[in-house]
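Let's take a walk through this structure together, with an eye on its charged side chains. Have the picture ready and follow along.

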Amino acid sequence: MNTSLPMIEITALRKSYGDLEVLKEINLKVETGGVVSLIGPSGSGKSTLLRCINLLVVPDDGAIRVGKTAFSFGQALQPPRSRTLADFRSRTGMVFQNFNLFPHMSVLENVMEAPVHVRRLPKAAARDMAMTQLEKVGLADRAAQMPETLSGGQKQRVAIARALAMEPEVMLFDEATSALDPELVGEVLQTMQKLASDGMTMVIVTHEIAFARDVADRVVFMRDGYVVEDGPAREVIENPKSEATQSFLSHYHKARSAH
Amino acid sequence: MYEWDFSVIYQYRWLFLQGLGVTIAFTIAIIIGGVTFGLVASSCLLSRFRLLRVVALAFIEVFRCTPILVQLVWAYYALPILAGVEMTPVTASLLALSCYGGSFYAEIIRGGIVSIDPGQSEAAAALGMTPGLAMRRIILPQALRRMVPALMNQSILQFKNTSLVSVLAVPDLVYQGQMVAHDSFRPLETYTAVAVGYFAILFPLTLYVRHRERVSGAKR
């Protein structure tokens, strides 16, 4: 394990929408190569926290560092310029619940788009890079197809390849399997698992408790904008300390003991 | 009993053709001008700066909610008095029709852009695209495809609206028709021929728009 600075460091982060405080002084560190799962009831702020890590949501207060890039936020500070934001985001990958593939482009073009137009790679190099990533998610043979012809699981794997093509330092997953039919969840989780074992730093918002337990090395349980519990994955899920975590996980445990 | 005599039309055929040429050239010019104004106005409408939004909205509503005939007369006769801007009838017509069309195009373009799923801009932003690049590469190509039928419809209206420039003595098809009618004492035949001229150009276009609508409807 890397003993230097953690890859992601979040300090005293706050975010409000009007009167609603969604994140209340969040602190979180993710080691290089670490896999952290954010779990919690809906409305707990876990998706907002994930979107703060690549600044799709700009926090009101606190500090964020990913790799070598650090930002501080506060009333007295100017929000970052859109050019700065774009540069920063090009080095983090994000996968969405609804895939958000570009429907007017083929699978290959989807994956090549950012390498060509953001990183300004030559087309041939971008194509090689895209094909490598598509192979990694097992969809190289679909490169010429349009996204609408793919199944949900395939779409999500293309979305993962699209994010990987930018060679990000971290990957963020926002309920990547929630929109999928149950029989398609497996292939996406498998892809994510492979990515984790390749040493990618990952933050995963998920409802798949078993996946969080098996793949993440840490689980963070959030409720009402607070981090309630943060610890090794197995420990948090098998023996939660706080009552809130216990009651959130009781449904999962009940279903499991029924088997 | 009125006796129809369409032979006069053939006699004046060159006048009609000249008029038709002017009408078509005018339409092309005001479609380009209108779409340009529409693009500018719609990007102002979607801007984060309040002042731009207010100005664009004022422009759109003024031109959308007043008759084009009044705008034409106003541009030619009132602007010189009020602002000291002298224009030829052609320039005044081009300006008024482009603004009038632009106000409608602006709403079509704005509607097309906001109809695109916000997830698309989010995905583009997450890949490191600036808002401008995301608009050009991701949002506009999808939005334009959706807008095509509405833009074509508006352009068909623009084609017919050019008939009003005859009030400023711009020699379009209607104006030439008036001349022929006066000269030949055959207004019924003349205006029928003018109508046929418009129909012959627009009907195939409307068929094409309908075809496009069906194709893009089937795709979704």
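**Following the salt bridges**

In this predicted model, a good place to start is chain A, where Asp214(A) and Arg213(A) pair up in a salt bridge, with their closest N and O atoms 3.0 Å apart. The two partners sit in unlike surroundings: Asp214(A) is partly exposed, at 42% relative accessible area, while Arg213(A) is buried, at 13%. The pair also belongs to a network of salt bridges that links Arg213(A), Asp214(A), Arg234(A) and Glu238(A).

Now look at Arg218(A), whose side chain meets that of Asp230(A) in a salt bridge, 3.0 Å from N to O. Arg218(A) belongs to strand 9 (residues 218–223) of chain A and Asp230(A) to strand 10 (residues 226–232) of chain A, so this contact ties together parts that lie 12 residues apart in sequence. Asp230(A) counts as partly exposed, with 36% relative accessibility.

Over in chain B, Glu189(B) forms a salt bridge with Arg186(B), and their closest N and O atoms are 3.1 Å apart. Here Glu189(B) is the buried partner, at 0% relative accessible area, whereas Arg186(B) is partly exposed, at 21%. Counting over all chains, the structure holds 20 salt bridges.

How confident is the predictor about chain B? Its mean pLDDT is 91, and 98% of its residues reach 70 or more. Within chain B, confidence is highest in helix 6 (residues 118–126), with a mean of 96, and lowest in helix 9 (residues 187–219), with a mean of 86.

Key: Residues are numbered from 1 along each chain as its sequence is written. Chains are lettered from A and ligands numbered from 1 in the order in which they are written. This is a predicted model: local features need pLDDT of at least 70, side-chain atom pairs count only at pLDDT 80 or more; totals for chains, interfaces and linings use all residues. Side-chain values use heavy atoms; hydrogens and water are left out. pLDDT is the predictor's confidence in each residue, from 0 to 100. Helices (H or I, at least four residues) and strands (E, at least two) are DSSP runs, numbered from the N terminus. A salt bridge is a side-chain nitrogen of Lys or Arg within 4 Å of a carboxyl oxygen of Asp or Glu. Buried means under 20% relative accessible area, exposed over 50%, partly exposed in between (1.4 Å probe, protein chains only).
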